[in-house]
Each structure stands twice: as C-alpha cells, then as structure tokens.
Amino acid sequence: MKVYIPDDSAAVSVGANRVAAAFPKDVEVIRTSSRGAFFLEPLVEIDTPNGRAGYCNVKPADVPGLLKKKPTPISKIPFLAKQTRFTFANAGLAKPYDFAALKKARGMKPQQILDEVKKANLRGRGGAAFPAGVKWQTTADARGQPKYIVANADEGDAGTYSDRMIMEGEPYRLLEGMAIAGLAVGASKGYVYIRSEYPAALKKLRAAVAQFTDFEIEIVLGAGAYICGEETALLESIEGKRGMVRYKPPFPAVEGLWGKPTVINNVITFATIPDIITRGADWHASLGTATSKGTMPLQLAGQVKNAGLVEVPFGATLEEVIYDFGGGMPTGCKFKAVQVGGPLGSIFPKKLLETPICFDAFAKVGGILGHGGIVVYDDQMDMVALARHLMEFTAAESCGKCTPCRVGSTRAREILEAILDGDGSDDDLALLNELGDTMKNGSLCALGGLAPMPVLTAIQYFGKDFRRRK
Amino acid sequence: MLEKCVASPPNILATLQAVQAAFGYVPLDTVPAIAAKLGVTDSDVRGVLSFYHDLRTEKPGKHVIRFCLGDSCRATHCENSLAAIEKKLGCELGETSPDGKFTLEKVYCLGNCALSPNMMIGEEIYPRLTPKSATAALEKHK
C-alpha cells in the first residue's frame, strides 16, 4: 500500500510530517509537492483505478483505520477540478521531471527560442508584466560578455506563495526555464536570488541545483529586504552591497549584474517557459485575454474559506476566483475589500469584483495584478489601520535613494497615525492625496510609485472609515 | 573564524551572513577586521549591516520568533496573537524577553498566507495562530 503526503512547508505547518510518521511500516509513504489546496492539508492521497483519491485534513490520530474509509476522488474536488493547470500541472504528483523542453530547445537556434517566447507574448509574472521575449532579445543583442540569467525568487509581496511552491515542489521547472533562457541569450551562468524567509525552499532548491548539470546556477540568499525584489536592488544585493535601486536606463538587459547584460525574470516567468517550448507559442497565445496571455497562478489568502493556489487562464473575474474557487467568506465574516498584487496593490470594494484577471483590465480600474496575490479583508478591518500598516511597511522597506519614497512614506505614515488617533482633519486627506501624487510621479521605482495606491484607493472607496475619526 | 567567513570573491553581504551564521549576530567590534579583510571601508560594512533586516548587531535570545505582519496575517487579525505573545514574553516586537529565551522579530510574509496568521520559531512555522495556540507554541521551546 502506498500513500502520498505533501512535504510542502504549508502542509508541514499543519502537521503533514506528523501524519506521515503515524503510518505503520508496511505502508509506503511517498512525499510529494502540494496541490495547493491548503485548506485541505494535510491531504493524504492513494492510487485508485480511477486516479488519485484523498483524505482531507488528516490528523495523526486519524491514521489508524484511515485507509478503510472512502476517499474523495481528487477529480471531484471542485477547487482543483475547475482549474487549468500547466505551470502547476504536476503539483501533488510524484512525477520525475523529464526536461523535455530543454531537450527540444537544444535542437533550436537561439533566435528560434527568442521568437517563440516573443510570439507567446509571455509577460513577466513578478509584477511589472513586461514582455519576457523583448527582455531576452535585448540581452541577446547586447554586446557585453559574459551574460547572466537571474531568477528573482525574492517573493516579498505579502499574500503570495507561488514561487515558494515551485521551488519546493518542482525546482527543476525553474532551473530548466533558466537554462533555456541561457541558450537563447548566450548566457554562461545563472543566479537564483531567494529570500531568507523560505528555509524549506532553499533546501529543496540547493538539492536540485546540485543535481542539475545542464547550466551553471548559483544560489544567493537574501537577508530580509523587500526592496531586493526590485530588479536593480536585487542585482546590487547579489553583488553584496546595500539593496539600493539603480537609475534606469541602462536597463539590466544591457548593463545588469556586474555591469554585464542580464536577463532577470520572476520564478513563475521562468517556470512558464518549458510549456511554451514543448507546446508552442501558439498554444500559450491561445489562452487568456487580448493582452494577457496564458495562465496565471493566483494565490488566495486572508479571509477566504478555501485559501490556496488557483491557476486559471487570464480573463476569469475576481469574483469567480474568490467565490467559485475560494468559496467566499469564512463563516461569520462579511466581505469588505480585496487587495490584489501585494502590499502595493490597490484596495477594491465589492463593486470592482467584476474586474477580469488581466494586467490591462486591472490598470484600467487603477489597480495592479502584480504577482497574483489576492488578500480578502472582512468588515472588522479598519481601513485607516490597514493604510497605516501599509505605509509603515513602505517606510521600513524603502531603500532611501529617492526623496519621494524615503520621506513621503514616513510623512504619510505620520498623517495616517494622526487620523487613527482621532487628530485628523480634511486637510490631512487632501495632503495624503497630494503626497501620493508626488510619490507616484517622482519615485525612482515601483515601491515608492505604487505605495500610495492602496492608501488612495482606501480613501476613495472607504472614505467613511477615514472621516469617522475627525 | 573570520578567515572561514570571508566570501570569495569579496562580498560584504555574504561575509556578514556567514559571520552571523557562526555567532548568531555580527558583533560591531568585528567590523574593522571584516572591512580590512575585504579591502573596503568600515562604513561600507556598516552600511550593508544596517540595511538588511536579517542582520543583527546584538546577541539574540535562544530562540528567534519571526512574527508575520504581512497583509494576509493582518487580514486574519494577527494583532490579537501578537499581543498575547508580547504579554507572555514581557517584551515587544524587536526586543528579547528578559529571561533571554526569545527574540521577537517582525517579518513581512512567510509565504504561508493560505493558513494565516503565521509565525516562525527557528525554521518551524506555526499557522492559524490564535492567542492560545501562539502562547502554547512558546511552551514547546525551552
């Protein structure tokens, strides 16, 4: 008898290791990645003639006699069955990685790979949504030598965990994507910059890199600085310096790591490459909306019943994701707002739930899709307290290079603290708007440029919270 | 010890991370030796040391708690568990408990957002915190 139990750190946090240890010796326990239905973890699966079936929320005490009970077919779990999985197609399985895409890419000319990625219209999944093919072509055409491939695994946006799941669950998919990028642009070495908050992912990634001989890859460990998710700050950090944002241009694609041409993409962007190579650019371009192609691994969090990873083609609405997949609010909680795109993402009220998951549809309503984090807030959340928290975050994480971000975030935090303490006035809201404009237009990078967005949208949609305290 | 910690090629951050891995923190009096070894100035080293939240210049408690203040943990009202922990430890975020057992640090996101609110003690994540489960987790660390 064989059972499959995830060793993903989220599953482990709710007892997957203790459950695995509770099985008797005659049961073979195979550790796998997690399917990302974290509300069901620990999810213990078995093989049946009709595919995998599982037992949900298993505790060690449930293990004796568990296998005599009737399991739920995985295909009958709506949260999973309704998804369109490519990047996370193997999540939860124990499938050896076949490197089919890398083998195919070896038979292609570098320009063919570049054309394929461009034709697929793959936009970066880290937040900026810049076309990956354009970045790659720029590096391929750049004169400097050597060239580098850098994976941004500094998944700092609170409410996101898809990079972590890839690194823990299928690290070879990331490494393969990087190796293909290396072939396309003629790079000699790759780096993965991983945040220190992910010790389990670091271990899995180290083990994978040690086995991976197709492309030289070095792992660099971050040290707890959100700004190092910004691509130029990340490069400074790899070089061992303070993570200070660089002026652009020159762009990293031309002058990046140690001044050399560098492709820097998010983990999910690289992890999407293998499917584009094996299935073809047309397949990728056939999924999604007019301007956002392919699938997006969304990450549900906060006050939502079924929190977990939801990979769907672009175009699904926020409402579908939160209610059809997420199951809506937990018992006793009432929806108030949703924040998409991490701590710099706008805060939306109920009426904007009809917004489709699409980079441009979000931009049109004044938001960002970012790295795909979706955090739901209930009616107990005071928007002034939330805005103050987010500005405190920006003030703590600003690299300090440009004045709008360095000074603006601290001033905004102080104003919000005054409002929170009941010392606010109408002038304060006007001042926050003006300060927000300055930060948006005058900041060097997206941290300062986007930080006012959640505050300004909170004032716009939940003005009552702010005025109540006057 | 320093000999072993100095990264090659010289890299200030990697060196400081190695020193902290060896001592638990980066004693300020090691800065001149690190700078000399790397061929940079003291202020270069201090600049990197003060920039990164992970790097400490004071000896931490026996266990380090990284309490998550990320958006999802805020959304699930982590402040209640934080208050319970602060009361139990007799120290606030950024401080070490008077008995030297725990250092309580904040962290912005542990990537366990589907099971918020979270904290990490050592490398172990404690999910779905309540004031009760949060203080109970402390009991497991002597």
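**Entry: a buried arginine and its partner**

I began with A:R173, which is buried, with a relative accessible area of 5%. Before going further, I reminded myself that this is a predicted model. I then asked which residue A:R173 forms a salt bridge with. The partner turned out to be A:E170, and the closest N and O atoms are 2.8 Å apart. I looked up the partner's cover too: A:E170 counts as buried, at 11% relative accessibility.

**Entry: another buried pair**

Next I went to A:E197. I found a salt bridge from A:E197 to A:R195, with 3.5 Å between the closest N and O atoms. Are these two buried or exposed? A:E197 is buried at 7% relative accessible area, and A:R195 is buried as well, at 3%.

**Entry: a pair on a helix**

For contrast I picked A:E414 and A:R411, whose side chains meet in a salt bridge at 2.7 Å, N to O. Both sit in helix α16 of chain A, residues 403-420, and they are three residues apart, so about one helical turn separates them. I jotted down the background: an α-helix has 3.6 residues a turn, so residues three or four places apart point the same way. As for cover, A:E414 is partly exposed at 34%, and A:R411 is partly exposed at 36%.

**Entry: the salt bridge total, and a network**

How many salt bridges does the structure hold over all chains? I noted 33. Some charged residues join up in a network: A:R35, A:E45, A:D47 and A:R52 are linked by salt bridges.

**Entry: charges on the surface**

I also looked for charges that gather on the surface. One patch of negative charge there brings together A:E319, A:E320, A:D324 and A:E354. I followed up on A:E320, which is in helix α13 of chain A, residues 318-325. A:E320 is partly exposed, with a relative accessible area of 35%.

**Entry: an enclosed helix**

Why do I call helix α7 of chain A, residues 162-169, largely enclosed by the rest of the structure? Because seven of its eight residues are buried. I wrote down the buried ones: A:S162, A:D163, A:R164, A:M165, A:I166, A:M167 and A:E168.

**Entry: cysteines**

How many disulfides are there over all chains? The count comes to zero. I checked A:C333, which is in no disulfide; the nearest cysteine sulfur belongs to B:C78, 15 Å away. A:C333 is partly exposed at 23% relative accessibility.

Then I tried B:C91. Its closest cysteine sulfur is also in B:C78, at 16 Å, which is too far for a bond. B:C91 is buried, with 4% relative accessible area. For my own memory, a disulfide is a covalent bond between the sulfur atoms of two cysteines.

**Entry: cis peptide bonds**

I looked at two prolines next. A cis peptide bond joins A:E41 and A:P42, with omega about -10°. I placed A:P42 in the loop of chain A between β2 (28-32) and β3 (44-48).

The other cis peptide bond I noted joins A:K248 to A:P249, and omega there is about -10°. Where is A:P249? I found A:P249 in the loop between α10 (231-238) and β9 (262-266) of chain A.

**Entry: positive phi**

The loop between α10 and β9 of chain A came up again, since A:W258 lies there. A:W258 has a positive phi of about 50°, although it is not a glycine. I checked its cover: A:W258 is partly exposed, at 41% relative accessibility.

I made a similar note on A:N121, which is not a glycine and yet has a positive phi of about 55°. A:N121 sits in the loop between α5 (110-120) and α6 (132-141) of chain A. A:N121 is partly exposed, with a relative accessible area of 28%.

**Entry: a glycine in a loop**

Last, I looked up A:G370. I found A:G370 in the loop of chain A between α14 (359-364) and β14 (373-378). Is A:G370 buried or exposed? A:G370 is buried, with a relative accessible area of 4%. I also compared positions: A:G370 and A:A37 are 333 residues apart along the chain, and 21 Å separates their C-alpha atoms.

Key:
Residues numbered from 1 in each chain as written. Chains lettered and ligands numbered in written order. Predicted model: local features only at pLDDT ≥ 70, side-chain atom pairs only at ≥ 80, totals over all residues. Heavy atoms only, no water. Patch = residues over 30% accessible without salt bridge, like charges linked within 9 Å, V, L, I, M, F, W, Y side chains within 5 Å. Areas by Shrake-Rupley, 256 points an atom, 1.4 Å probe, with all protein chains shown as cover. Salt bridge = Lys/Arg side-chain N within 4 Å of Asp/Glu carboxyl O. Lys, Arg positive; Asp, Glu negative; His and termini not counted. Charge placed at Lys NZ, Arg CZ, Asp CG, Glu CD. Helix = DSSP H or I, 4+ residues; strand = E, 2+ residues; numbered from the N terminus. Buried < 20%, exposed > 50% of the residue type's maximum accessible area, 1.4 Å probe, protein only. Disulfide = S-S within 2.5 Å.
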